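Here is a friendly walk through one protein model, with an eye on charged side chains and the spaces around them. Have the structure open as you read.

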Amino acid sequence: MNITFVGTGYVGLVSGVMMSYLGHNVTCIDLDSSKIVRLKKKEPTIYEDSLEKYLKMGVDSNRLHFVDSYDQNLKHSDAVFVTVGTPSLSDGSADLSNIFSCVGSVLKHLKDDCVIVIKSTVPPGTCNNVESFIKQKGYKNKVASNPEFLREGTAIHDFINTDRIIIGGNDELTFGIMKNIYAPLTKKGIQMLETDLSTSELIKYASNSFLANKIAFINELSDLCQEIGCNINHLSEGIGMDKRIGNSFLKPGPGFGGSCFPKDILALQKLAQGVSSKFLILDAIINSNNNRPANLTRKVIGLLGGDVKEKKIAVFGLTYKANTDDLRCSPAINLIKELLSFGAKVVAYDPQGMKNISRYKELIKKVECKTTPQKAARGSDAIIIATEWNEFKVLDYKKIKTLMKTPFIFDFRNVLDKQQIEEMGFEYHCIGSKKMGNKNG
Ligand code: UGA
């Protein structure tokens, strides 16, 4: 089938590349011509495992094209996937202006039976509004909702092995086109759920909020474990063994971040408030997660003697999770801001994220970025592991200890072996350990 993606951000690029891998003819449009120049040269514009390989395969097979205008290719499209950003407005609601301006721009180029597929995360009701907007403009095109469930860092794997495909629509023609598009995956046994437009849109918000809920829950439990001396890692394993609960998204840490969970949960809260649905659990998740960096910083300060003024803290990891270069809503960045507000000197290292710190104007001059973890650790009073990069699990900590001023490790991702690290002479504190709650514990 002929498919167009509008927007080559993270979702549009990965989905476009992988749709060409499934055998479709794909055109990706982005008005940012500098991106298109790079993509035509088979250069990924985002950091994502295996993307380069599939990008090359698509371009070389002549099934994947990149253009920087709403050109003639659109008239052959059976479906146009809208994959533009829906950032949060200052009140937490989703900014949908990109969606409407993109739909407005493509309409005049399309054949009547081309389906417009909204893949960007949008609040329930948006696709119905898009359908009305199309009618008002005098066009006949139908709308489908098809939320995405890709995780940064494992997006290629997630695309091919997704647990489900959700399609929202109003008519059989739309479902027929969507079924053909996803036939290569459904034939492999991947399940597809057909529903109405608004329910499909809500499934995306509900999924992300439920996962965020699991993380906030385990993080709160880690605080409790700390107080009463239980083992959070065993606790997480123990509850996750119950298939009804499941073992994923139960890793305690410095809080959830990224461009999706924090934004989507706020948008769901806004939606609920707008219809006087209390949905109190959302308030608790948001508060719990927002308070986490400050609470952890307070504990670090307590364990470092009550004051971090002029103390040098080496932060290992800046990205919101491992295997991405994305710093958006990263708990590591929030931890750094907290530490700086108490007068600490922050030195940081991240395998992929350091190039993006320039986006945080308030941090560029204050955070010293180093090219290796060893350089960051040199002369430091403590190390904080803020992101679970594999690299941090296998460092030579014996050597690192010799470089540090005082051998403190705060492992906020629980990635190191406590016994081994303590045997090296470190004072080691991880999430949910009694010592994090009580200096003498
Ligand atoms: C998330 C969802 O997992 C995807 O299904 C969805 O498509 C995507 O949002 C989106 O809406 O576009 P992503 O933000 O890439 O994907 O990252 P996750 O792997 O879900 O992690 C989110 C945050 O939760 C990270 O900060 C991570 O460190 C944290 N996390 C995750 C934990 O603290 N503990 C866990 O057990 C799991």
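## A salt bridge with a buried partner

This is a predicted model, and a good place to begin is Asp158, which counts as buried because its relative accessibility is 8%, under the 20% cut-off. Its partner is Arg151: the two side chains meet in a salt bridge, with 2.7 Å from N to O. Arg151, at 38% relative accessibility, counts as partly exposed, so this bridge joins a buried residue to a partly exposed one.

In general, side chains of opposite charge can pair when their charged atoms come close. Across the model, the count of salt bridges comes to 22.

## Two more bridges

Which parts of the chain does the bridge between Glu148 and Lys204 tie together? Glu148 sits in the loop between strand S6 (143–145) and helix H6 (155–160), while Lys204 belongs to helix H8 (residues 197–228), so the pair links parts that are 56 residues apart in sequence. The N to O distance in this salt bridge is 3.3 Å. Both ends are out of the solvent's easy reach in the sense used here: Glu148 is buried, and Lys204 is buried too.

The side chains of Glu362 and Lys337 form another salt bridge, at 3.2 Å from N to O. Glu362 is in helix H13 (residues 361–364) and Lys337 is in helix H12 (residues 331–341), so this pair ties together parts 25 residues apart in sequence. Here both partners are partly exposed: Glu362 has a relative accessible area of 42%, and Lys337 has one of 33%.

## Lys119, a buried lysine without a bridge

Where does Lys119 lie? Look in the loop between strand S5 (115–118) and helix H5 (126–136). Lys119 is buried, yet has no salt bridge. The nearest side chain of opposite charge belongs to Glu148, 6.3 Å away; a salt bridge needs the atoms within 4 Å, so this pair does not count as one. Glu148 does have a salt bridge with Lys204, as described above.

What does the side chain of Lys119 make a polar contact with? The partner is the side chain of Asn146, at 3.1 Å. Setting aside neighbours within four places in sequence, Lys119 is in contact with Val11, Ser15, Phe81, Val82, Thr83, Asn146, Pro147, Glu148 and Tyr182.

## A cavity and a pocket

How many cavities of 30 Å³ or more does the structure hold? There is one. The largest cavity encloses about 40 Å³ of space. Its lining is made up of Ile118, Ser120, Thr121, Val122, Ser145, Pro147, Glu201 and Lys204. Two of these names have come up already: Lys204 is the bridge partner of Glu148, and Pro147 is among the contacts of Lys119.

The second largest pocket holds about 1100 Å³ of space. Its lining takes in 45 residues, and those lying nearest its centre are Gly9, Tyr10, Val11, Gly85 and Arg328. Helix H1 (10–21), helix H2 (33–40), helix H4 (97–106) and helix H10 (261–274) each give two or more residues to that lining. Val11 is also one of the residues in contact with Lys119.

## A small network around Asp60

Lys42, Lys56 and Asp60 are linked in a network of salt bridges. Asp60 is found in helix H3 (residues 51–60) and is partly exposed, with a relative accessible area of 45%. Lys42 lies in the loop between H2 and H3 and also counts as partly exposed, at 26% relative accessibility.

Asp60 and Lys42 are 18 residues apart along the chain, and their C-alpha atoms are separated by 9.1 Å. Their side chains are joined by a polar contact of 2.7 Å.

## Two backbone angles to check

Most residues other than glycine have a negative phi. Lys42, however, has a positive phi of about 65° although it is not a glycine.

Glu310 is another non-glycine residue with a positive phi, near 65°. Its place is the loop between helix H11 (280–303) and strand S9 (312–316). Is Glu310 buried or exposed? With a relative accessible area of 56%, Glu310 is exposed, since the cut-off for that class is over 50%.

Methods. Residues are numbered from 1 along each chain as its sequence is written. This is a predicted model: local features need pLDDT of at least 70, side-chain atom pairs count only at pLDDT 80 or more; totals for chains, interfaces and linings use all residues. Side-chain values use heavy atoms; hydrogens and water are left out. Helices (H or I, at least four residues) and strands (E, at least two) are DSSP runs, numbered from the N terminus. Buried means under 20% relative accessible area, exposed over 50%, partly exposed in between (1.4 Å probe, protein chains only). Lys and Arg count as positive and Asp and Glu as negative; His and the chain ends are not counted. A polar contact is a pair of N or O atoms within 3.5 Å; within protein, one must be able to donate a hydrogen and the other to accept it, and residues adjacent in sequence count only if both atoms are side-chain atoms. Contact means heavy atoms within 4.5 Å. On a 1 Å grid over the protein atoms alone, a cavity is a set of points where a 1.4 Å probe fits but cannot get out, and a pocket is an open set with protein on both sides within 12 Å along at least five of seven lines; lining residues have an atom within 4 Å of a point. Grid points are joined across faces, edges and corners, and a volume is the space filled by probe spheres set on the points.
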